[in-house]
Amino acid sequence: MTKPTAPRRKRVFSGMQPSGEAHLGNYLGALRRWVEMQDQYDCLWCIVDDHAITAGGNPKDMPRNVLDLAVSFLAVGLDPEKSIIFVQSDVHEHTELAWLFNAVTPVGELERMTQYKDKSQRFESIPAGIFNYPILQAADILLYKADAVPVGEDQRQHLELTREIARKFNATYGDTFPETDPLIDESVGRIMGLDGEAKMSKSLGNTVGILAEPAAVWDRVRTAVTDPQRVRRSDPGRPEICNVFTLHKFFTDAATRADIENKCRAAEIGCVDCKRILSDNIAQAFGPFRERAAHYRAHPEEIRRVLSEGAERARVIARGTMAEVRQKMGLDWRAAID
Ligand code: TYM
């Protein structure tokens with residue numbers, strides 16, 4: 001009797017732009033869950049440098065930014081024994097598939113993307129890369145036929161478009177791609193930056209780095225905006241609208257949080273003390289990450305090996321998908337001869 005083959009584990013893909021060390025928003029919205037998922041799924045974690053060129057930074061900074069993000073990945077516990085960890089530009093099939101997806105992506109859908117609307121306002125002459133960005137993101141995901149993609153709330157729209165592209169491709173060229181599920185942790189939502197005004201984002205300078213030393217965490221957290229109506233320490237605070245209090249949810253135990261909440265309302269604890277507790281808890285939670293990061297910074301050759309081997313393993317899957325896609329799209333002239 002033949003042994004029944006085990007069902008294929010679900011495949012999960014996600015990516016992060018390299019703008020150096022990951023921040024709290026990246027960690028709570030994405031990385032934290034990526035680490036947990038590694039035991040259950042076949043995972044690919046990608047540093048998306050081809051995407052990052054659309055942000056218009058200095059090319060000289062890119063290699064360092066990629067390396068720093070790789071350190072963050074490994075420091076939080078992404079594990080090359082369990083997952084494929086790699087850099088997007090090492091696997092050329094991403095950009096090739098993105099071009100081919102141009103054939104099925106409606107311009108109207110791209111125009112609807114809120115990230116495009118936001119980002120394009122920063123330019124006088126809008127680069128096409130910002131517009132086409134979600135096509136490359138769809139290619140990243142579908143190249144590996146990923147069943148699910150764990151991301152933060154801000155990526156929801158891009159994932160809806162990915163599903164749309166898969167549907168359109170399948171309808172035009174035959175069943176090829178899955179309709180990938182977005183995995184979004186509703187309880188996290190969008191982590192707001194320290195300014196309390198916009199989502200936490202490196203480009204806005206409102207972040208706390210996950211590898212910052214305790215003193216540096218404090219330097220950042222002490223600048224955080226709190227309840228604007230609480231001008232004096234004797235004014236009662238409103239924890240429900242305070243971003244610092246929201247962040248406590250992720251780093252402070254329930255009893256302490258309840259105590260802070262009551263004392264804030266009764267003006268028995270000041271914002272500085274509240275921030276101090278948060279800062280200490282963040283620094284403590286990330287202590288093990290700092291230790292692991294120090295190890296990898298001292299051994300960059302290990303990172304080189306992880307990323308090189310990761311790209312090799314990713315390429316094997318990518319090549320398989322591209323052979324199928326090219327054939328389905330008629331990009332195999334030899335078929336007319338053979
Ligand atoms: P990026 O690099 O901006 O962010 C990486 C991940 O971190 C999450 N995140 C947040 N979550 C909550 N609050 C925040 N303030 C916050 N900031 C960032 C993001 O939701 C994301 O999960 N376009 C993507 C990168 C990408 C990608 C992909 C993702 C390219 N190809 C394929 C998934 C699958 C981006 O710019 O994420």
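A salt bridge is a side-chain nitrogen of Lys or Arg within 4 Å of a carboxyl oxygen of Asp or Glu. Keep that in mind as you work through this predicted model.

**Exercise 1. Decide whether D185 and R32 form a salt bridge, and find where the two residues lie.**

Step 1. The N to O distance between the side chains of D185 and R32 is 3.9 Å. The cut-off is 4 Å, so the pair counts as a salt bridge.

Step 2. Now place the partners. D185 sits in the loop between β5 (181–184) and α9 (214–221), while R32 belongs to helix α1 (residues 24–37). With their positions 153 residues apart, the pair links distant parts of the chain.

Step 3. Finally, look at accessibility. D185 is partly exposed because its relative accessibility is 23%, and R32 is partly exposed at 24%.

**Exercise 2. Work out where R64 and D68 lie, and classify each as buried, partly exposed or exposed.**

Step 1. Both residues are in helix α3 (residues 62–76), 4 residues apart, which is about one turn of the helix. Their side chains meet in a salt bridge, 3.4 Å from N to O.

Step 2. Buried means under 20% relative accessible area. D68 has 19% relative accessibility, so D68 counts as buried. R64, with 48%, is partly exposed.

**Exercise 3. Describe the pair E109 and R112 in helix α5.**

Step 1. E109 and R112 are 3 residues apart in α5 (residues 107–112), about one turn of the helix. Their salt bridge spans 3.2 Å, N to O.

Step 2. E109 is partly exposed at 21% relative accessibility, and R112 is partly exposed at 42%.

**Exercise 4. Find how α12 and α13 are oriented, and which residues make the contact.**

Step 1. The axes of α12 (residues 271–285) and α13 (residues 287–298) come within 4 Å and cross at roughly 45 degrees. The two helices are therefore oblique.

Step 2. On the α12 side, A283, Q284 and A285 make the contact; on the α13 side, G287, P288 and R290 do. By class, these residues are 3 nonpolar, 2 polar and 1 charged.

**Exercise 5. Do the same for α13 and α14.**

Step 1. Here the axes come within 5 Å and cross at roughly 90 degrees, with α14 covering residues 300–328. That angle makes α13 roughly perpendicular to α14.

Step 2. H295, Y296, R297 and A298 of α13 meet P300, E302 and I303 of α14. The contact has 4 nonpolar, 1 polar and 2 charged residues.

Terms used: Residues are numbered from 1 along each chain as its sequence is written. This is a predicted model: local features need pLDDT of at least 70, side-chain atom pairs count only at pLDDT 80 or more; totals for chains, interfaces and linings use all residues. Side-chain values use heavy atoms; hydrogens and water are left out. Axes are lines fitted to C-alpha atoms, for helices over the stretch in contact, and angles run from 0 to 180 degrees between N-to-C directions. Angles under 35 degrees count as roughly parallel, over 145 as roughly antiparallel, 65 to 115 as roughly perpendicular and the rest as oblique. Contact means heavy atoms within 4.5 Å. Ala, Val, Leu, Ile, Met, Phe, Trp, Tyr, Cys and Pro count as nonpolar, Asp, Glu, Lys and Arg as charged, and the others, Gly among them, as polar. Buried means under 20% relative accessible area, exposed over 50%, partly exposed in between (1.4 Å probe, protein chains only).
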